[in-house]
Amino acid sequence: MDDNFTDLLESLDTKNDMFIDIEYLIKYPILMLSMFGFITDIIHICVLLQLSKSHPFSLCLIVLCVSDFFMLLSSFLIETVEIIRYVFSRNCFGYFSRIDLVYKVIIESFHHFSHTMGSWITVSMSLFQVLSLKHIWKLDWSRKATILVITITVSVVSVLHVLVNISFAIVIRQLPYSECDDTGLFQLYMLSNSNWMTEFCSFMVDITVYSHITKYFVLSFIMIYLLKLNRKQNGVDENIQRTSRLIFYLLLIDFTSETINIVCRINFSVHADGKFAEQRSSVLPTKLTELAQTVGAVFRPFVILAISKNNQETLKSFFVISGGTMIAPATSRRANSFITQ
């Protein structure tokens, strides 16, 4: 066992137990928000699907809402199982069976993929909007350009996610089977061994970390840049300005959750080296970050609805209330204009 990591484990006191109790309480608001969020996402996706026929920009919003839907759904499943596990086996940290291990790996991976996809499609939308406002390569939100943006983003994120999962799976296969173990076998293996498996995993972790850092600064830069561009172009069509405003608020939501993630990990996580946090110390910052991401995912459809007049009109036609009875619409009338050019 690595001496540095052992010293860390021995130095951690009952504070981590308190963090674990707090982390358990956070599961309940995440569970309730997730239930509410994936229901509203279903409604919003239906609205956007109708708009996508005449307004290509809504395709990007569909990808974003679908990503949020699956992230919230996986959060709901994760928290439900975790609460049940906590009730019946409070002291079991980690997994309690092989089935539980496989379930946790799959659902956590799916949750991370969904959040990452939604985050990067927002960044891609913002980059494209900046290029469009600056009239670089004469880009606009045509159907062909929108599909290209989505295809590139989904492909890159998917490939990187698969490689990261493969690198982690290779290392996990080398670990001994140990139920309810809180010693951090994965971290210990990475610190105690130097072979192609640990090198590959470390390389993929580096790529993930640097991509998060890059995204954080890109989010900061584009938010400021969009504000400046909007102020300079007062004569620009109102719909284009609304698109920029919408993208700005979507970036702000993502930027806030990333900031909370960084602050929590700096203040709560204990590291044996620069990469791998001690298992128990990473529980609370991970859960606080998940709470911030869940709140952001729940608010996103309402932000889009508040800024997009077209979404508001389509939603009204989606649910027609007459005499206190809700009637599902047969066909949505085409809205006059979307929040884009």
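In what order do the elements of the protein run from the N terminus on? They run α-α-α-α-α-α-α-α-α-α-β-β.

**Figure 1. Overall view of the predicted model.** This is a predicted model, in which local features need pLDDT of at least 70, side-chain atom pairs count only at pLDDT 80 or more, and totals for chains, interfaces and linings use all residues. Residues are numbered from 1 along each chain as its sequence is written, and side-chain values use heavy atoms, with hydrogens and water left out. The protein contains 10 helices and 2 strands (DSSP runs numbered from the N terminus: helices are H or I of at least four residues, strands E of at least two). Of the 341 residues, 46% are buried (under 20% relative accessible area, with a 1.4 Å probe and protein chains only).

**Figure 2. The largest nonpolar core.** A nonpolar core is a set of buried Ala, Val, Leu, Ile, Met, Phe, Trp, Tyr and Cys residues joined through side-chain atoms within 4.5 Å. The largest one has 45 residues, and those with the most contacts inside it are F57, L61, M125, L226, L246, L250 and L251. Two or more residues each come from α2 (15–51), α3, α4, α5 (143–172), α7 (196–232), α8 (238–268) and α9 (283–307). The element that gives the most to this core is α3, with 11 residues.

**Figure 3. The largest cavity and its lining.** On a 1 Å grid over the protein atoms alone, a cavity is a set of points where a 1.4 Å probe fits but cannot get out, and lining residues have an atom within 4 Å of a point. Grid points are joined across faces, edges and corners, and a volume is the space filled by probe spheres set on the points. There are 3 cavities of 30 Å³ or more, and the largest holds about 40 Å³ of space. Its lining consists of D68, M71, H115, G118, S119, T122, D254 and R300. Both α3 (57–88) and α4 (98–133) supply at least two lining residues, with the largest share, 4 residues, coming from α4.

**Figure 4. Two spans annotated as transmembrane regions.** An unreviewed UniProt entry gives the annotation "transmembrane region" to residues including 28–49 and 56–78; such annotations may be inferred rather than shown by experiment. Residues 28–49 are 100% helix and 0% strand, and their end C-alpha atoms are 32 Å apart. Residues 56–78 are 96% helix and 0% strand, with end C-alpha atoms 34 Å apart.

Methods:
1 Å grid on protein atoms, 1.4 Å probe; cavity = no way out; pocket = protein on both sides within 12 Å on 5 of 7 lines; lining within 4 Å. Buried < 20%, exposed > 50% of the residue type's maximum accessible area, 1.4 Å probe, protein only.
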